[in-house]
Amino acid sequence: METITLKLESTSKYLQFWNSFFGLTKKELEILIAFAEVNKVTEEYNICSTDNKKKVASIVGIGDYNNLNNYVKKLKDKKVFEIKKNNYVLNKILDPNTKNIKINIVR
């Protein structure tokens, strides 16, 4: 068995790699990256908190942060965000803090 090691140094590169599994649009990926970056700083358990949404809306150029709710729903439907204890959290494999994920490809 061969081992491939990828060094994905930034949150952006990490999430872009995984996007091939989730099929996000360019705008959805941009918003996801902003949520992940903002959450690294705020360290809130609910990644989609009102404060985080306000910051993300500012970063991606959306005037009213409530308009992000449409994207949050799309990201939830695509299994990017999950709801745990009434809070939105990143899917475990998308969390940049998750270490050493193994993928076995069987043909």
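Two aromatic rings of Phe, Tyr or Trp (the six-membered ring in the case of Trp) count as a pair if their centres lie within 6.5 Å, and planes under 30 degrees apart are called stacked, those over 60 edge-to-face, and the rest tilted. The exercises below apply this and similar criteria to a predicted model, in which six aromatic pairs are found.

**Exercise 1. Aromatic rings in helix H1**

Task: Classify the pair formed by tyrosine 14 and tryptophan 18, state where the two residues lie, and decide whether they are buried or exposed.

Solution. Begin with the geometry: the ring centres of tyrosine 14 and tryptophan 18 are 6.4 Å apart and their planes make an angle of 65°, which is an edge-to-face arrangement. Next, place the residues: tyrosine 14 and tryptophan 18 both belong to helix H1, which runs over residues 11–22, and they are four residues apart, about one turn of the helix. Finally, consider accessibility: both tyrosine 14 and tryptophan 18 are buried.

Task: Now treat tryptophan 18 and phenylalanine 21 in the same manner, asking how their rings are arranged.

Solution. The centres of the rings of tryptophan 18 and phenylalanine 21 are 5.2 Å apart with the planes at 45°, so this pair is tilted. Because tryptophan 18 and phenylalanine 21 are three residues apart in helix H1, about one helical turn separates them. For tryptophan 18 the relative accessibility is 5%, and this residue therefore counts as buried, whereas phenylalanine 21, with a relative accessible area of 52%, is exposed. As a last step, the residues can be placed in a wider group, since Tyr14, Phe17, Trp18 and Phe21 form one aromatic cluster.

**Exercise 2. The buried side of helix H3**

Task: Identify which residues of helix H3 are buried, and explain why they lie on the same side of the helix.

Solution. In helix H3 (residues 50–60), the buried residues are Asn52, Lys53, Val56, Ala57 and Val60. They cover an arc of only 135° around the axis, and therefore they lie on the same side of H3. The next step is to ask what these residues pack against, and the partners are helix H2 (26–42) and helix H4 (68–77). Lysine 53 can also be related to a residue of H4, for asparagine 69 lies in that helix, and the C-alpha atoms of asparagine 69 and lysine 53 are 8.7 Å apart in space although the residues are 16 apart in sequence. Asparagine 69 itself is partly exposed, with a relative accessible area of 34%. Just after H3, glycine 61 adopts a positive phi of about 80°.

**Exercise 3. Charged side chains**

Task: Of the salt bridges in the model, examine those of lysine 7 and lysine 40, and determine which glutamate each lysine meets.

Solution. The model contains six salt bridges. Lysine 7 is joined to glutamate 9, their closest N and O atoms being 3.8 Å apart; lysine 7 is exposed at 69% relative accessibility, and glutamate 9 is exposed as well, at 62%. Lysine 40, in turn, meets glutamate 37 with an N to O distance of 3.4 Å. Because lysine 40 and glutamate 37 are three residues apart in helix H2, they are separated by about one helical turn. Lysine 40 is partly exposed, with a relative accessible area of 45%, and glutamate 37 is partly exposed at 31%.

Task: Where does lysine 74 lie with respect to tyrosine 71?

Solution. Lysine 74 is located over the face of tyrosine 71, at 5.3 Å from the ring centre.

**Exercise 4. The hairpin of E1 and E2**

Task: Describe how strands E1 and E2 pair, and then work out which residues of the loop between them have a positive phi.

Solution. Strand E1 (residues 81–84) pairs with strand E2 (residues 87–90) in the antiparallel sense, over four bridges. Within this pairing, lysine 84 stands opposite asparagine 87 in E2, and the side chain of lysine 84 also forms a salt bridge with that of glutamate 82, at 3.8 Å from N to O. The hairpin has two residues between the strands. Lysine 85, found in this loop, has a positive phi of about 50° although it is not a glycine. Asparagine 86 lies in the loop too, and this residue has a positive phi of about 60°, again without being a glycine. To complete the picture, lysine 85 is exposed at 75% relative accessibility, and asparagine 86 is exposed at 75%.

Conventions:
Residues are numbered from 1 along each chain as its sequence is written. This is a predicted model: local features need pLDDT of at least 70, side-chain atom pairs count only at pLDDT 80 or more; totals for chains, interfaces and linings use all residues. Side-chain values use heavy atoms; hydrogens and water are left out. Buried means under 20% relative accessible area, exposed over 50%, partly exposed in between (1.4 Å probe, protein chains only). The arc is that of the directions from the helix axis to the C-beta atoms. Contact means heavy atoms within 4.5 Å. A charge sits over a ring if NZ of Lys or CZ of Arg is within 6 Å of the ring centre and within 35 degrees of the ring normal. A salt bridge is a side-chain nitrogen of Lys or Arg within 4 Å of a carboxyl oxygen of Asp or Glu. Two strands pair if DSSP finds at least two bridges between them.
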